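Here is a brief report on one protein model and its bound ligand. Please keep the sequence and the structure in view while reading.

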Amino acid sequence: MSVSGKKILIAVSGGIAAYKVHFLIRDFIKQGAEVQVIITPDAEHFVTKLSLATLSKKPVYSDFYDVNGTWNSHVELALWADVMVVAPCTANTLSKMIHGMCDNLVIATYMSAKCPVFIAPAMDLDMYAHPSTKRNLELAESYGHIIVPAENGELASGLIGQGRMAEPATILKVVNNYFSDHTIEKSLQGRTVLITAGPTYEAIDPVRFIGNHSSGKMGFSLAEEAAKRGAKVILISGPSSQVLTDKRIELHKVTSAKEMLAKVFEFYDRIDIGIASAAVADYAPKDVAKEKIKKNDENLTIELVKNPDILKTMGEKKTHQFLVGFALETQNEEENAKGKLEKKNLDMIVLNSLRDEGAGFKNDTNKIKIFTKTEKREFDLKSKDDVAKDILNFVESQLLK
Ligand code: C5P
């Protein structure tokens, strides 16, 4: 794992999201990183040094001097770190960082740091939307810092909006991406990859739809991995709660199969590789009711009509594109997968079986087999991030042929 063996300096400022930092520390430690925590004086109202020190396995500093007169060298702390993560970063701490208002240990350490700095802002929605915060975040980016944007949702004030600190898993992923980005070979540099992901929702009436359990995880993992390898990535996703951590990815959100098809063909001529991981609904209601359907009758019949097959259409219009499809089968798996490879004019198909525990739709893991017209490869059960690596390694090996 990328953060393994790395020295992570976590700076905590005084916001309610500070409670989440415990999980962040635990996750960094679990992945083999060394963690040093420093906090602003205000942060101690929200978390205790004891809990942070217990998790990080190191004393936590908040002052320039200890009671016994020892100096907590901000210079040493800053130079020790491979990366500094300010989480949560309040509007106040952000402003001090940007303007050099060096009145506590966190800011002095930040100003002495030469390593990459990650900022996970957290504040109430109006503070987050305030022009001064926006400007300070832009300035932070112009200093070369990496922002992990606040997320949408319920805030401590009870209001709902953007301002919640990104989840620890997201922050961890951004830091991990940073390290792997600096070690990974840019093997897809110069290639454009289009990926479809997630389910599609087919409207029945203004409030109901036909959908499926696809989470979009596999497609998002593929997009992140392709971007790390230097590809230009266009991700076309149906409704999914996945969060992208790589800003280089061009995300287009769609709802129905028809919208997905239209979006794909806005880009199709320009792409080198097309990967269809979306679980597209095969059928859609023939007519969408204009008003909410009332529950008057005992039975309700909805007439369905076949949706366009996006990948098949891509196959029919293929000129130079390398096309990868997915097959989720419950019976005659290999035969069916190979059939789809032919029928949809693909270069490669990834089979995942619902019979394998941990494989398929909603899970974080997947177990795949890959087929081309002449080859077959079987892989072990792995995280979807690792499966994405296997798939792209295979694609690259085919492109070199
Ligand atoms: O035919 P089947 O649905 O099993 O094929 C699965 C593959 O085709 C997946 O790669 C899926 O993304 C793609 N597909 C599509 N449009 C559809 C149905 C499937 O792109 N309407």
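Which strands does helix 10 lie across, and at what angle does helix 10 run to strand 11? Helix 10, residues 257-267, lies across strand 8, strand 11 and strand 12. Its direction is at about 165° to that of strand 11. Bear in mind that this is a predicted model.

**The sheet**

These strands belong to an open sheet of 8 strands. The order is 12-11-8-13-16-17-19-20, and the pairing is mixed. Strand 12 (250-253) and strand 20 (376-378) form the edges, each pairing on one side only. From one strand to the next, the twist averages 15°. Helix 9 (residues 217-228) also packs on the sheet. Helix 9 touches strand 8 (192-197), strand 11 (232-237), strand 12, strand 13 (273-276) and strand 16 (322-329). The direction of helix 9 makes about 170° with that of strand 11.

Now take the edge at strand 20. Strand 19 (residues 368-371) is joined to strand 20 by 3 bridges, and the two run antiparallel. One residue of this pairing is Ile370, whose bridge partner in strand 20 is Arg377. Strands of a sheet pair through backbone hydrogen bonds, in either a parallel or an antiparallel way.

**The ligand site**

Which residues surround the ligand? The shell consists of Ala276, Ala278, Val280, Asp282, Pro308, Asp309, Ile310, Leu311, Gly325, Phe326, Lys340 and Lys344. Helix 11 (310-316) and strand 16 each supply at least two residues of this shell. Leu311 is placed in helix 11. Backbone atoms reach the ligand at these points:

| Residue (backbone N or O atom) | Ligand atom | Distance |
|---|---|---|
| Ala276 | oxygen | 2.6 Å |
| Ala278 | oxygen | 2.6 Å |
| Ile310 | nitrogen | 3.0 Å |

Taken alone, the ligand exposes 450 Å². The protein buries 86% of that area.

**What the record lists**

An unreviewed UniProt entry lists a "binding site" made up of Asp282, Lys292, Pro308, Asp309, Ile310, Leu311, Phe326, Lys340 and Lys344. These positions are spread over 63 residues of sequence. They are also spread in space, with up to 37.7 Å between C-alpha atoms. Where does Lys292 lie? Lys292 is in the loop between strand 14 (283-285) and strand 15 (304-306). Leaving aside neighbours within four places in sequence, Lys292 is in contact with Asp205, Pro206, Val207 and Arg208.

The unreviewed entry in UniProt also gives "domain: Flavoprotein" for residues 6-175. Over residues 6-175, the chain is 39% helix and 21% strand. The end C-alpha atoms of this stretch are 11 Å apart.

**Two backbone details**

Most residues other than glycine have a negative phi, and most peptide bonds are trans. Two places in the model deserve a look on that score. Which residue has a positive phi although it is not a glycine? That is Lys57, with a phi of about 65°. Lys57 is found in the loop between helix 2 (49-56) and helix 3 (74-80). The other place is the peptide bond from Ala87 to Pro88, which is cis, with omega near -10°. Pro88 sits in strand 3 (residues 83-89).

Terms used: Residues numbered from 1 in each chain as written. Predicted model: local features only at pLDDT ≥ 70, side-chain atom pairs only at ≥ 80, totals over all residues. Heavy atoms only, no water. UniProt positions renumbered as here; feature names shortened; annotations may be inferred. Helix = DSSP H or I, 4+ residues; strand = E, 2+ residues; numbered from the N terminus. Pairing = 2+ DSSP bridges. Axes fitted to C-alpha atoms, helices over the stretch in contact; angles between N-to-C directions. Contact = heavy atoms within 4.5 Å. Near = heavy atom within 4 Å. Polar contact = N/O pair within 3.5 Å; in protein donor to acceptor, adjacent residues only side chain to side chain. Areas by Shrake-Rupley, 256 points an atom, 1.4 Å probe, with all protein chains shown as cover.
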